[in-house]
Amino acid sequence: MHQPTDEIEARPADNDDGYESDTESTTTSLASILNKHTYERGLRYHAFQDGKYPFPNDENEQNRDDMKHAMIMELCEGKLYYAPIREEAPTILDLGTGTGIWLIEMGDKFQSAICQGVDLSPIQPPWVPPNVQFVVDDIELPWTQKPDYFDYIHVRHTLPFVKDRPKLFEQAFQHLKPEGWIEFQEFEFFPASEDDSITSTPEHPYHFLDFMKFHKQAMTALGADVTGVTKLQSELAAAGFTNIKEEVFKCPLGIWPKDKRLRLVGLYLRESILDGLVGMAGRPFSAGLGWGKEEIEVFLAKVRTSLKDGSRHTYLPFRVVYAQKPKEKVQTKVSVSAVSLDNN
Ligand SMILES: C[S@@+](CC[C@H](N)C(=O)[O-])C[C@H]1O[C@@H](n2cnc3c(N)ncnc32)[C@H](O)[C@@H]1O
C-alpha cells in the first residue's frame, strides 16, 4: 500500500534516514521556490537552480519519462537493474529521479529497502511506498547524506546533464558503502543502423539525423555531453571503482523490427521523441544555437515527417554500466618519485 509523502523536502537535515545531522538546513529558505516553476514559450521548467536542466518538467514531459521507463523495461526484458544488489534491506539512491517511477518500483520490490530519490523538480507523485522518499536537490551540490551509507546508487537518462562528472563520481564513491554498487543506464545519443538505411541524401533527406546533429551541438554549447556514456568505464576506473561491467543494447526507433517486443520498444521511442521534440529543441536550440521560434518550428515539422519514414532502420545504443566501490581503500594515484637526470 502506498502512503502519501509529506511535503517534498529540500536538502533535509537531522533525521535518521541517512542524512548528516550537523548540516545547516536550507529547507526554509528553499521551500518557497520548491513548488514553483518557471515558464518559457509555453513550456514549464524547474525553478530551483533555474536553468540548470534544459528540458521541461510539465505533464507532457512527465508522461514521456514514464513512457521511456516502459520502453526500457521492454528493452531490458523487465530488469530494473543489472548490478548484483544485496536483497536484505538495501539503501538505494536514485539521482535525477524524475517522476520517481523507477524508484517506486524498487521500493515495491525491496520492501525492506530505504529508497531515496533526488531531483531538481518536485514532480513525484504523493502516493508512494512507505520506504520511498523524495528530495528536491541538485546532485552537483555537496551531498547531505552520510558517507558510506548507500548499497546502490542509480542514474538513468541523467548523466548528460552533469557538468562536473569527476566530482559526481567522487561524491558517489564517498557515499557508497564499501562493496556498494553504482549503475548508469544511458542512451548514447546518436542514431546508428546495421544497414545503410539512415544515410541522408538530397533526394531522400533524413531530417532526424540533422536534428540529432544540431541537438548535440546545442547541448554541447549548454555544457552537456550527450555521448559521455562511452567514457564511463575509464572515468569510473579513474575514480577508484572496480568490477566495472557494461552491457550495450540496440534500442530501435520506429516500428521496423520484425520482433514483436522490439517493435513495441521502437514504437515507444518514436512516440516519446515525437511528443518531446518541442521541449528537446526549445531551450537548447534557442539558448545553445541562437535559433528563433519560427525557424525551430519549420525544422521540427520536417523532423516529424522523417521520424515516420519506415524505410529508416535506426537504433540508439543504450548502455548499462555498473561498478563497485572496493572493500578496502585502493591507492588510485601513483606517486612518481623525482628522478635526477644529472649524471654527475
Ligand atoms: C530525462 S529525466 C530522467 C528521469 C529518471 N531518471 C528516469 O529515468 O525516469 C532527467 C532528470 O534529471 C534531473 N536532473 C538533471 N540534472 C540534475 C541535477 N543537477 N540535480 C538533480 N536532478 C537533476 C531532471 O530534473 C530530470 O528530472
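Sorted by class, the shell around the ligand comes out at 3 nonpolar, 5 polar and 7 charged residues (Ala, Val, Leu, Ile, Met, Phe, Trp, Tyr, Cys and Pro count as nonpolar, Asp, Glu, Lys and Arg as charged, and the others, Gly among them, as polar). This is a predicted model, in which local features need pLDDT of at least 70 and side-chain atom pairs pLDDT 80 or more, while totals for chains, interfaces and linings use all residues. Numbering runs from 1 along each chain as its sequence is written, and side-chain values use heavy atoms, with hydrogens and water left out.

In that shell, 15 residues surround the ligand, each with a heavy atom within 4 Å of it. Gly96, Asp119, Asp138, Ile139 and Arg156 are the closest. As for polar contacts (here, pairs of N or O atoms within 3.5 Å), a polar side-chain atom of Arg156 sits 2.7 Å from a ligand oxygen, and a backbone N or O atom of Ile139 is 2.9 Å from a ligand nitrogen. Thr158 adds a side-chain N or O atom at 3.4 Å from an oxygen of the ligand. On its own the ligand exposes 600 Å², and the protein buries 97% of that (Shrake-Rupley, 1.4 Å probe).

Now for the cavities, meaning sets of points on a 1 Å grid over the protein atoms alone where a 1.4 Å probe fits but cannot get out. The whole structure has 2 of 30 Å³ or more. The largest holds about 790 Å³, a volume filled by probe spheres set on the grid points. Its lining has 47 residues, with Tyr53, Gly96, His157, Thr158 and Phe161 closest to the centre; lining residues have an atom within 4 Å of a point. By class, that lining splits into 21 nonpolar, 14 polar and 12 charged.

Notes: Polar contact = N/O pair within 3.5 Å; in protein donor to acceptor, adjacent residues only side chain to side chain. 1 Å grid on protein atoms, 1.4 Å probe; cavity = no way out; pocket = protein on both sides within 12 Å on 5 of 7 lines; lining within 4 Å.
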